[in-house]
Amino acid sequence: MTSRYIAIDWGSTNLRAWLYQDGACIDSRKSTSGVTRLGGRSPEAVFSEVVAGWRETPTPVLMAGMVGSNAGWKIAPYLPCPARFATFSEQMTAVAEQAWIIPGLCVQRDDNQNVMRGEETQLLGARSLHPAPLYIMPGTHCKWVQTDEQAVLDFRTVLTGELHHLLLQHSLIGTGLPEQQASPEAFNAGLEHGVHGGDLLPQLFEVRAAHVLGKLPREQVSDFLSGLLIGSEAATMTRRFACSTGQPVTIVANPALSARYQAALSLLGFSSQVVDGDSAFQAGIRSIANAVAN
């Protein structure tokens, strides 16, 4: 691949693109035309608009995310885990001249059925920036990923972000609440309950009861619920992956979300290191571009 290339992170609701020249980002663009928000246009039309002016000379394009799903431009087949990092650049799907989609990853076992798209590219970059045996990739659907030096071994998905939204907006927990306010104290209290309170399901109604009974300020329910869910998630998943407190966990996310997961891990006795999600994605794309060039 040439020293000039385009990287695109194309998700369900948004699209971000970066133009690289000699290893440096020289331009970037954002769009709300995710694969579920094309507004009647084809993926090809959106693609042409996003890269307009960037491909006056032949310029390879690497894309990752939901653009490779059955709702996207073209299905990019999943790589089954264990999946060697080296294979990410060997099994890409062509969609246009010098334009490819990076494959997602899947797990297919009786005890675990899972898929990811886009996070695999972040993971590749995070591995080069802050290697670890376990990665946490928070978001609407949080990924917990187990690796070794050569491959992605296993991963699980936790719907923490989506569950927080659903409970607050569409359940009895959030009914009649005023506008929510940030409260580190409420988050930390929820975190303690999530980490040490046992099974999550019985605790969820207690969130409703606590603010009805005046034990939890009604404008702080969101942060308390966030702490409860993240604390329960961290306690459950560190047990599932049999984590050692002597090995740091790498969190791949923006600073605000990373801080919440760091607090949960600290409460459980784990150390952690943070990689910004965009930085990880761009490092992952760069790694694939270099592999293709060689």
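Is the crossing of α4 and α6 left-handed or right-handed? Turn the view until one helix lies in front of the other: the crossing is right-handed, the term for a near helix turned clockwise from the far one by less than a right angle, with anticlockwise being left-handed.

Before going on, a word about what is on screen. This is a predicted model, in which local features need pLDDT of at least 70 and side-chain atom pairs count only at pLDDT 80 or more, while totals for chains, interfaces and linings use all residues. Residues are numbered from 1 along each chain as its sequence is written, and side-chain values use heavy atoms, with hydrogens and water left out. Helices (H or I, at least four residues) and strands (E, at least two) are DSSP runs numbered from the N terminus.

**Stop 1: α4 and α6**

Stay with this pair and select α4, residues 184–196. Its axis lies 6 Å from that of α6, at an angle of about 35°; axes are lines fitted to C-alpha atoms, for helices over the stretch in contact, and angles run from 0 to 180 degrees between N-to-C directions. Now show side chains in contact (heavy atoms within 4.5 Å). On the α4 side you will find, among them, Phe187, Leu191 and Val195; on the α6 side, the residues include Phe224, Leu228 and Ile230. By class, this contact has ten nonpolar, seven polar and one charged residues. Here Ala, Val, Leu, Ile, Met, Phe, Trp, Tyr, Cys and Pro count as nonpolar, Asp, Glu, Lys and Arg as charged, and the others, Gly among them, as polar.

**Stop 2: helix α3**

Next, select residues 160–170, helix α3. Which residues of α3 are buried? They are Thr160, His164, Leu167 and Leu168, where buried means under 20% relative accessible area, exposed over 50%, and partly exposed in between (1.4 Å probe, protein chains only). Look down the axis of α3: these residues fall within an arc of 90°, so they line one face of the helix. The arc is that of the directions from the helix axis to the C-beta atoms. Their cover includes β13 (151–158), α5 (200–212), α6 (221–240) and α7 (255–267).

Zoom in on Thr160, which counts as buried because its relative accessibility is 7%. Beyond its neighbours within four places in sequence, Thr160 touches Thr140, Leu229, Ile230, Glu233 and Tyr261.

**Stop 3: strand β11**

Move to residues 134–137, strand β11. Leu134 and Ile136 point one way, Tyr135 and Met137 the other, and all are buried. Four bridges join β11 to the antiparallel β12 (142–147), and the two strands form a hairpin with four residues between them. Two bridges link β11 to β14 (249–252), which runs parallel to β11. Strands count as paired if DSSP finds at least two bridges between them. Centre on Ile136: its bridge partner in β12 is Trp144, and in β14 it stands opposite Ile251.

**Stop 4: the six-stranded sheet and α1**

Finally, find the open sheet with the order β3-β2-β1-β4-β8-β7 and mixed pairing. β3 (24–31) and β7 (93–96) are at the edges, each with a single partner strand, so one side of each has no neighbour in the sheet. On average, neighbouring strands are turned by 25° against each other, direction ignored. At the β7 edge, three bridges join β7 to the antiparallel β8 (99–101); pick Ala94 to see its partner, Trp100.

Now add α1 (43–50), which lies across β1, β2, β3, β4 and β8 and runs at about 130° to β1. In α1, select Pro43, Val46, Phe47 and Val50, which are buried. Their arc around the axis is only 100°, which puts them on the same side of α1.
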